[in-house]
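Dear colleague,

Please find below the sequence and structure we spoke of handing over. I would be glad if you could look through them alongside my notes.

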Amino acid sequence: MMTSRPRWLPHPGWLLLIPAVALLGGILGVPLWQSFWRSIGSGDWTLEHYSALFTDGVTLKVLARTGQAAAVVTIVTLLLGYPYAYLMTRVGPLWRSVLVVMVLMPFWTSALARNFGWLILLYDNGLVQRFIALFGFDDVVLYGTAQGVTLAMSQVLLPFMVLPLFSALGGIDRRLLLAARSLGSPPLVAFWKVYFPLSRGGVVAGCILTFTLACGFYVTPALIGSPRESLIAQLLGQRTTQLLDFAGAGALGTLVLVVTLVLVWWANRMGGSMATIGAVAGQTGTRR
Amino acid sequence: MTTLVEPSIEVPAPAKPSLLARWRNRRSADPTPVWLTVVGTFVALYLVLPTLIVIPMSFSEATTFVFPPRGHSLWLYRNFFTNDRWLDSLRNSFIVAACAASIATIVGTSAALGLHQLRGRRSARFMQSALMFPILVPSIVIATAVYISFLRWHLVGTLAGYVLAHAALATPFVLATVTSALGTFDPTYLRASASLGASPWRSFLTVTLPLISRGVATGAVLAFVTSFDEVVIALFIRSPRFQTLPVQMYNSVVVEIDPTIAASSSLIVVTVSLIFLVALLVNSRRTSRPGSANNRRSVVRRTR
């Protein structure tokens with residue numbers, strides 16, 4: 001900092017980055033690059049592995065199923081997360097801390113422990129089934145079905161919906177709502193016309209985030225879902241370890257990666273949710 | 001209000017500071033509706049219940065996964081602590097997590113310091129995003145790619161393979177926490193110590209490191225938990241000779257129906273929750289220090 005250095009020498013700060021670049025580049029970057037390289041025929045510049053994805057009859061079906069599952073999870077988390085985030089803005093600091101701790105609970109509990117808990121809850125004649133039976137639905141099967149997987153995935157992904165929502169709702173001036181009410185608007189109309197439009201940035205960011213993360217789930221569908229209704233992550237795993245179709249797996253992995261990055265980039269533009277991921281990640285972890 | 005778990009997004013203006021004010025709010029023209037409290041409670045239960053249910057299950061006498069558990073017994077715990085497969089995988093997980101966290105802490109702290117020195121440059125901002133990349137990539141994509149490459153590098157099922165993969169995954173978390181700790185670091189301290197004759201290395205040890213120690217410590221804990229809990233990559237690079245605790249737990253559900261997973265889950269849930277609660281208390285006790293909330297927010301702003 002104090003000494004002058006020749007202009008051709010790089011800034012010493014770059015030296016400190018070498019270990020991180022070597023570790024991440026060598027252990028994650030090189031495998032991802034090799035996977036991509038295999039998917040284009042290891043130098044043959046062929047797109048046959050990509051066209052195979054769309055013609056093999058399985059991939060497209062699984063992709064559609066994954067998209068549908070992720071969409072349902074997104075809607076469920078939005079419906080549950082919006083009132084929760086709204087409540088967070090309405091209570092005092094103590095209760096807000098309690099609510100924050102609770103929303104982060106799915107984060108800091110081990111993925112396996114949480115999935116095991118869901119397994120117990122969702123078993124035939126388990127707690128959830130008996131709870132639903134109270135409302136007259138006594139033939140709902142949750143273990144090994146898409147509904148069970150949705151229920152379990154929504155719980156894990158709720159924080160990613162609640163935190164951007166909380167950040168958006170906290171910035172809304174509630175007096176606008178009161179003003180609308182005082183001008184004779186019924187509560188629901190006031191909410192829909194005044195409050196909700198102001199929260200749209202958080203809603204969009206939370207939805208894209210949740211959708212993106214839901215597309216990559218592996219352990220929850222594998223443990224709770226049925227093998228006949230596998231999602232894209234399971235297909236990718238199967239292609240790698242059972243079919244040993246490394247080139248095909250590379251193509252599928254590249255496709256998933258590109259879709260994820262596009263969605264994240266979009267979420268980032270829609271409301272700075274990269275910051276939310278970074279913030280949440282900085283405190284807990286997102287690897288599931 | 002600086003706690004470990006508080007979301008470092010824009011925190012809304014502090015509202016209703018006291019019980020009295022809340023009581024007033026209840027009587028005001030704008031009360032919190034009852035249905036909202038009911039829905040909130042329901043969602044809170046939904047968030048917490050699946051985690052807590054493993055604890056009563058771990059005291060069950062039955063050999064199945066049926067709830068409610070039957071009887072009171074510690075046999076699952078005895079099983080866990082006497083069965084070699086469970087103990088080995090627990091030990092493996094500890095070794096892997098300790099090594100991976102050490103590497104990630106050193107590498108991540110170094111990178112955060114480097115980026116701090118280069119701050120303001122476009123290339124540095126690009127590097128920061130590039131190093132955060134692993135957080136965004138779905139684990140399964142990383143896992144399959146790493147598995148195929150590790151096959152060729154003879155790293156599948158080895159301690160080195162696990163440590164390297166987990167260290168790479170955990171580095172972004174350390175980078176994030178240390179960067180946020182550096183947010184309020186005043187570089188004039190370094191000029192002062194240099195003018196007093198300290199070498200850069202000595203300045204780092206006696207000035208910088210103590211000031212960012214909490215960020216480094218938080219990052220190290222996160223890195224440890226990230227590795228200890230990592231399932232997807234571990235499932236792919238496991239071997240019969242070497243596997244970690246999450247893999248053993250996965251097997252105990254999928255391959256062999258082994259109820260010992262209930263004891264193991266409870267132990268993990270309680271241990272990790274204690275770590276987080278202690279961190280929470282330590283953090284909230286030191287709120288007055290020029291601390292984390294502000295620098296976290298500044299990180300958020302910078303990453304936008």
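What follows is a summary of what was found, beginning with chain A and then turning to the core and the surface.

Please keep in mind throughout that this is a predicted model. Chain A has 14 helices and zero strands, so that read along the sequence the pattern is one α after another, α-α-α-α-α-α-α-α-α-α-α-α-α-α. Buried residues make up 55% of the 288 residues in this chain, and among its contacts with a separation of 6 or more, 70% are between residues 24 or more positions apart. The accessible surface of chain A is about 12700 Å², and carbon and sulfur atoms account for 68% of that area.

The largest nonpolar core holds 163 residues, of which Y84(A), F116(A) and L131(B) touch the most other members. Helix α8 of chain B, residues 159-182, gives the most to this core, with 14 residues. Domain 1 (15-47) and domain 2 (83-303) of chain B both contribute residues, and the core therefore lies between them. Neighbours within four places in sequence aside, Y84(A) is in contact with L99(A), M102(A), V103(A) and V162(A), and also with G40(B), V43(B), A44(B) and L47(B).

On the surface, F131(A), L134(A), F135(A), F137(A) and F42(B) make a nonpolar patch of about 600 Å². One of these residues, L134(A), is placed in the loop between α6 (127-133) and α7 (146-170) of chain A, and L134(A) counts as exposed because its relative accessibility is 67%, where the cut-off is over 50%.

With best wishes

Terms used:
Residues are numbered from 1 along each chain as its sequence is written. Chains are lettered from A and ligands numbered from 1 in the order in which they are written. This is a predicted model: local features need pLDDT of at least 70, side-chain atom pairs count only at pLDDT 80 or more; totals for chains, interfaces and linings use all residues. Side-chain values use heavy atoms; hydrogens and water are left out. Patches are made of residues with over 30% relative accessible area and no salt bridge: like charges are joined within 9 Å, nonpolar side chains (Val, Leu, Ile, Met, Phe, Trp, Tyr) within 5 Å. Accessible areas come from the Shrake-Rupley method with a 1.4 Å probe; for residues, only the protein chains shown count as cover. A salt bridge is a side-chain nitrogen of Lys or Arg within 4 Å of a carboxyl oxygen of Asp or Glu. Helices (H or I, at least four residues) and strands (E, at least two) are DSSP runs, numbered from the N terminus. Buried means under 20% relative accessible area, exposed over 50%, partly exposed in between (1.4 Å probe, protein chains only). Contact means heavy atoms within 4.5 Å. A nonpolar core is a set of buried Ala, Val, Leu, Ile, Met, Phe, Trp, Tyr and Cys residues joined through side-chain atoms within 4.5 Å. Domain bounds come from an automatic or database domain assignment.
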